Every structure is written in structure tokens, then in C-alpha cells.
Amino acid sequence: MLTGAGRLARIRVRGVVQGVGFRPFVYRLAHQYQLKGWVRNTSGSVDIEVEAAEKAVRNFLSDLEDKAPPMARIESVKATFHPPKGYTGFQIEPSLSREGQYQLVSPDIATCDDCQREIFSSTDRRFHYPFTNCTNCGPRFTIIEDIPYDRPKTTMRKFRMCPRCQREYDEPLDRRFHAQPNACPDCGPALELVDSGGKLVEAKDVIKKASQLLKEGKILAVKGLGGFQLACDATSDSAVKTLRERKRRPSKPLAVMITDIKEIERHCLISAEEKKLLESPQCPIVLLRWKQSSDISKAVAPNLKYLGVMLPYTPLHHLLLKEAGLPLVMTSGNLSEEPIAKDNDEALRRLKGIADYFLMHNRDIYARYDDSVYMVEGGQPITLRRARGYAPYPIFLPFKAKQILACGAEDKNTFCLTRDGHAFLSQHIGDMENEETLQHFENTIELYKKLFRIELEIIAYDLHPDYLATKYALEAGASSSLKLVPVQHHHAHIAACLAENGVKERVIGVAFDGTGYGADGTIWGGEFLLADCKDFKRVGHLEYIPLPGGTAAIKKPYRLALSYLYTLLGEDFDLAGLPLAGLYPAEIEIIRRQLKRKINSPLASSAGRLFDAVAALAGVRGEIDYEAQAAIELEMLAPDEIDSAESYPFSIEDEGGMRVVKLKELLAAVVEDVRNKVAVPEISLKFHHTVAEIVTEMCKLIARESKIKRVGLSGGVFQNRLLLKLATAALKKEGFNVLNHRLVPANDGGISLGQAVVANFAEI
Ligand code: ZN
Ligand code: ZN
Ligand code: FE
């Protein structure tokens, strides 16, 4: 045991520890404890050697984790002790590159308080400079082309630092030491404002001019961190409606950017957890309870009681919001479901006809990156869309994984690459229904493979033969020696839930979504599985109901309502007294015949479709223009007081070992309530309670035989916060341990994680 003269500690720190001000932090800490030695970046870690008296070394080690800079995410700190070498000072040593090693890449992070102070301080040299950043904030993932993360490997390489910026960059004690995107008005990127024809708009102060245009009701395309956004005055009905028309997005909710928490409180209720999330370095969109008194246009989120709100997260946003003095709609710069536009010429081309003006700049975006979306439920932040601020930070797996690419599903696609204990879940890619999104998917896979030095062994994919992601997987598999592993959709949902909760044991998996390709070729979506990370057994489901017109029925919930009625209550069911009766009389007859003759009416056991049908039956909505709109509006209509409600009857039948939830009584009871003019909010609440009861009763039956008391809830239907709340409470009351999603979306955005996990354990 060494004492007095001290000892040498050899330390290896892993995690997001590069490009986040970690070395200067170590440098300062070493000085504080008067330690001698060095620190350096390697391809896979930050390595440190320090020597001093034992106590100082111990303090240093505990501070390393406790006081790390805000953007650092420490995965592990390992120290070994050795005899001292007699160092005389403390140095930052040159980086060391090791073949095949990789490091975690930091996501882009919202402008820190120090940088905010600078851009609003008239005496600062970065006063009003929209590209201000430091080691604690700014772009990272969106500008990096390869590792190690150094300026020549980012889109900042074309800007040569001025002497003052260079001095900051070189000085270990400066906040901008090795801040790769460091820049100032003398040497860095610059803004420009152009009209829809690409012609430069002359202005002494570009931000002021842009704000003025926004105040006049114009629509601006603004180049943000990971792509262009479309901005307009959120308090102006006409501006919002114009934006909707031009973007061809009739009613899907839009996000709003609001200048600070105090101003947000004027429009929305905020809990302590929501405030924390809004102000976090990730700065996501958070769905907040929208106050009736808010003057934000109802057209921003029609029929919804929650508003998607975020704070400004780049200096450009801060300056624009401050100058405009308005809440601004800030939505992705694209036409309906295409990927977000990122390059200047691309934006001018693709957003022509949508934006009146373009506020752009010459710092290129390498990776497209949408805003992340969260809600807080049960005091927990829950991911609804995972992108900016989170990806490409990995999900940590409870096991060491093979090198796998999981291609994900069709809608809200993400992919997932694994190696070691890391699952690199991609940022939200989008709906894989057009060439642009497929291209984005392929490019982003290549970027992740390069950044994380992944040598693929296995490709996992969904069973659905028509998914573009599946076709991609099969093609990639055919032209290589990679092993292909198909993974059933709902098994992947549950496996994703297990993985993010660090659970490997078998659970009762409740996978409720719109549709997914079943193991038997039918459409599943209201599934009860006994599942672990390796395999699953389907032990129950909602009863099958035909979808007249196939997927076309999904866009027209009234078709689903008719199908449920005619299938469950008889083909001569009388629509009298129902809101449906007067609608589409010609079509009703066609649908009835279609069902009778079983023409293009595939069977589905879908929970999402049940919500749609009940919403249409109750007169909430017969046709939709964004996914799950009818179900969401039904949820929104439920009252705030949710206790002691009644529920509708249903029954569970054992069909040869398979438990099937029969919905006839439920439908009949809803019909009776609708005919008796029971208020829709009451119907909505009763229905939500019923679904929670279905989940609980089924789990009780399954638990009786399997002796499993742990339930995993997954699938897009569990983004319904009322259902999540009711089902979780009911299950807990029955003694179940409930797992739900927090880190990855419950919807198909989380599927790729589950696919990767299942593929990892597949016997191949
Ligand atoms: Zn900063
Ligand atoms: Zn400069
Ligand atoms: Fe799904």
C-alpha cells in the first residue's frame, strides 16, 4: 500500500466524453487537487494518468463522475493503481487513434446559459451572433461526417478560425477549448434572407427583417440544426391556416416555439417534471396541457387539449423569438410525409410554394434531425419521437450484442445498429412511403455504420413483405453473406420494451397498435403474448373483425364502425338513431355487401381499429387525415375526472387454448349509449376503462397459468395517456409489475430496437 508520496491512478472513462469539454474539465479538476499527469482522447475513451496523495486521487475520481460537464454522459470510469512515475505538471496530450475503436457521439445540444448571455450582451463580440456555441452546447451529430470528432471531419472545416477564436479553441481553461463548431461574426457562418425565388432580400438586420415578416403573417423557412423548419405567427389563424394548406397538412398538430418558461405558462399548465424536460439540454417538444385562455390559434392543434411546445434551442431561434415577440409555429420543413429539407438549394426547391421567405445560412447540415417529442405521464418523461438531443446516444442493453442492423417498420421508421452493450437507435427517419425517405434511411444507416465502426453480421426485419424497410433488408441480405432474421411485429414491440427496461425474463406482453403482420399472415394489433427477448407465444388477442377495403378503411373510421356493427350485431343491423345513419347512404350499402361477400376485407385483431370504430360510432370522427386522429380525439374528449367510472361489458372465450376477447356486448352497449344520447365524454371514459379492464382481465387469466406477474405494455395505442394511466393502475392493483416505454417510442418508432434484440438471441 502506497501512502504519503502518493500513487499513480490510470483511469479510463467511457461514454459521451469527447467534444463535450471533458478534457478541460479534467484539466481544471487536476489543478484543483494539484494532481500531476496527463489526459488524452483515444478512439474509444478518455484516458487519464494522475498522481498525488491517495485522498486527492479519490476526490478527483468521485468528482469526475459527479461534476462532469452537462453534455457528458459517463458510461464507466475504471481506475487501476500503480507506483508513481514522478510527473511534474499536468498536460493535455495529443489524441490517440486506435483502429476499429469507436466512441459515443454527442447529440446536438441546446444553447447553454453562458452562450445565451453572450448573444444578448451588447458589449460581447458575439452579440446577436446566431452561430454562437461552446463545448457545453451547439451542433454535434448534425455536422459530423466521421470520427474522431475534429473540425476537419465536420461541416465547419470550410470556416477558418480567426486569431481570437483560435485562441479560445487552444486554451484549455476556455469554455471553447476544442469546441469544433467555434465561430464568431468575423470568421464563422453568416445568415441570409432570400425570397421564394431565391433572390437576396437586402436588410441591415436580417433577424429584424425576418421577424417583421413573421409579424406580417408571412411563412418563413428557417434553417435550424437538423433541417429547415417552417415558421409562422402561432397566434394568427390565417397564417396557420395558410401554412396548413400549403404544406398539405389539414389538421395534424403543429409544434410551437415559445421564448421562455414564463411565456409558456401563459399558454399552458406546466408540472415540475415538464419544466425540467423543457429546460433540459435536449430541449424537446413537450406536450403540455393547453389553457383555454391561450391566444395561440386553435388551428395549431385542432380538437386537442395538449399543445406541443418547445423553448428556443439555437441562438438563431433565441434571436428570432425575442425579436418577433410572438409564439411561433415551428414545424418540420417538408411537404406532408417527406423527410425534412436540409440543404439550401434543396429547401428552395422543395419548399417552394410553401415558404414566402427563406432564412438560411452557410453552415451545412450533414445529418437530418427532427425535433424530439415527449410527454410526461405518471411523473415520467415518455418519448413519443426520438431524434434531436437524444440520437445517436445509445440505449444500453442488458447484454453484449452482436453487430446487427434492424431495419424497423414502415411508419415512423427508425433503424437500430447494435454492438457491445449499445443499441444505436437512429433518429426518427419518417414514414417509408417515398423515395426521399428511403434515401434518407439508407444514407443514415451508412453514417451510423461509419461512426460506430460496425461490421454487420445480421440483418433483422419485419415480416410484412411490402414494407420498404423489409425489401431493403432482403436485398441487402441477398447480395451479401449476412444472416437474415425476420421478427414478428408485436414480438419486436415487446422486446423493445424489455430491452429499454433492462429485463431479459419472460413477461406477459400486451402489444396494442394499429396493424402489424401476424405470424400466421393475418393482421394483428390487439395481442397478448408470452414473450422474452428470444421468442414468443401468442396466448390471446382481440377478436378478428374485417377491414372493408383493406388499408383504405384505416383512413375512414366510419367504414370500421360499420364493419364492427354488421359483423358483431348482425348483417341486418339497423343504423337508426346513430350519427352514422345519415352519412354516406350509398356507401353503407356497398360496405354491407362487401362484408357479406368477404370482398377485399382482410381480418384484423387490432386494438387501434377498435378505438377508431368506437370514435366513429360515437360521432367523434368518420374520416381522418393523420394517423390515429379519431382515437386521439376520442381520448381528448374524456373528462379530467377519471375515477369511479362505469365500463362496458365484454367476454373472453377460450378457443383451443387461445383466449379471444369478444366485443359484441361492448359494441351493443356503446350503440345503446349513443342512441340514448349519453354525452360523448362519458362514452369515451367508459370505453377507456373497458380497454384497461380487457388488458387486466386477460393478464390475470394468462398469469394464472403462466405464473408470470410482469407485464410489458407496448404498441402505439399505449401512447394514449388516459389508457396508459388506467391500464397501469388497474394492473398494479392486481399485483402486476408493469413495464412501459420511456426511452423509445411505444409506437413503430421503437420497433427496430426490439428487432435487434430478438435477432441477437435467434438461433442461426
Ligand atoms: Zn454554450
Ligand atoms: Zn472568429
Ligand atoms: Fe406497431
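How many bridges join strand S1 (residues 7–16) to S4, and do the two run parallel or antiparallel? That is the starting point for these exercises. The model is predicted.

**Exercise 1. Describe the sheet that holds S1 and S4, and find the helices that pack on it.**

Step 1. Start with the pair. S1 and S4 are joined by 9 bridges and run antiparallel. One bridge can be named: Arg10 has Thr80 in S4 as its partner.

Step 2. Recall the background. Strands of a sheet pair through backbone hydrogen bonds, either parallel or antiparallel.

Step 3. Write the strand order. The sheet is open, and its 5 strands come in the order S4-S1-S3-S2-S5. The pairing is mixed.

Step 4. Mark the edges. They are strand S4 (73–82) and strand S5 (90–92), and each pairs on one side only.

Step 5. Add the turn between strands. Neighbouring strands are turned by 15 degrees against each other on average, direction ignored.

Step 6. Place the helices. H1 lies across S1, strand S2 (36–41), strand S3 (46–52), S4 and S5. It runs at about 175 degrees to S5. Helix H2 (residues 54–66) lies across S1, S3 and S4, at about 165 degrees to S4.

**Exercise 2. Do the same for the sheet of S17 to S20.**

Step 1. Write the order. This open sheet has 4 strands, S18-S17-S19-S20, with mixed pairing.

Step 2. Mark the edges. Strand S18 (416–425) and strand S20 (483–487) pair on one side only.

Step 3. Add the twist. From one strand to the next, it averages 60 degrees.

Step 4. Take one pair. Strand S19 (residues 458–462) and S20 are parallel, with 5 bridges. Within this pair, Asp462 is bridged to Val487 in S20.

Step 5. Place the helices. Helix H11 (residues 435–451) lies across strand S17 (395–406) and S18 and runs at about 160 degrees to S18. Helix H13 (residues 489–500) also packs on the sheet, where it touches S17, S19 and S20. The direction of H13 makes about 140 degrees with that of S17.

**Exercise 3. Inspect the backbone in three loops.**

Step 1. Look at the loop between strand S16 (380–385) and S17, where Pro392 is found. The peptide bond from Ala391 to Pro392 is cis, with omega near 5 degrees.

Step 2. Go to the loop between strand S11 (285–290) and strand S12 (306–310), which holds Asn303. Asn303 is not a glycine, yet its phi is positive, near 65 degrees.

Step 3. Finish between H11 and S19, in the loop that contains Arg453. Arg453 is not a glycine either, and its phi is positive at about 50 degrees.

**Exercise 4. Work out how helices H15 and H19 meet.**

Step 1. Get the geometry. The axes of helix H15 (residues 557–569) and helix H19 (residues 664–675) come within 10 Å. They cross at roughly 120 degrees. The crossing is left-handed.

Step 2. List the residues. H15 brings Tyr564, Leu565, Leu568 and Leu569. They meet Lys664, Leu667, Ala668 and Val671 of H19.

Step 3. Sort them by class. The contact has 7 nonpolar residues, no polar ones and 1 charged.

**Exercise 5. Map the empty space.**

Step 1. Recall the idea. Rolling a probe the size of a water molecule over the atoms shows where empty space is left.

Step 2. Count. The whole structure has 5 cavities of 30 Å³ or more.

Step 3. Take the largest cavity. Its volume is about 150 Å³. It has 17 lining residues, and Gln18, Gly19, Arg23, Asn41 and His178 lie nearest its centre. Helix H1 (residues 22–32) gives the largest share of the lining, 3 residues. By class, the lining has 7 nonpolar, 8 polar and 2 charged residues.

Step 4. Take the second largest cavity, with about 120 Å³ of space. Among its 17 lining residues, Pro130, Leu225, Thr314, Pro315 and Arg363 are closest to the centre. The lining divides into 8 nonpolar, 7 polar and 2 charged residues.

Step 5. Turn to a pocket. The second largest pocket has a volume of about 440 Å³. Of its 21 lining residues, Thr111, Asp113, Gln116, Leu311 and His318 are closest to the centre. Helix H3 (113–119) and helix H9 (315–324) each supply at least two lining residues. The lining of this pocket counts 11 nonpolar, 6 polar and 4 charged residues.

How values were computed. Residues numbered from 1 in each chain as written. Chains lettered and ligands numbered in written order. Predicted model: local features only at pLDDT ≥ 70, side-chain atom pairs only at ≥ 80, totals over all residues. Heavy atoms only, no water. Axes fitted to C-alpha atoms, helices over the stretch in contact; angles between N-to-C directions. Left-handed = near helix turned anticlockwise from the far one by under 90°. Contact = heavy atoms within 4.5 Å. Nonpolar A, V, L, I, M, F, W, Y, C, P; charged D, E, K, R; others polar. 1 Å grid on protein atoms, 1.4 Å probe; cavity = no way out; pocket = protein on both sides within 12 Å on 5 of 7 lines; lining within 4 Å. Points joined across faces, edges and corners; volume = space filled by probe spheres on them. Pairing = 2+ DSSP bridges.
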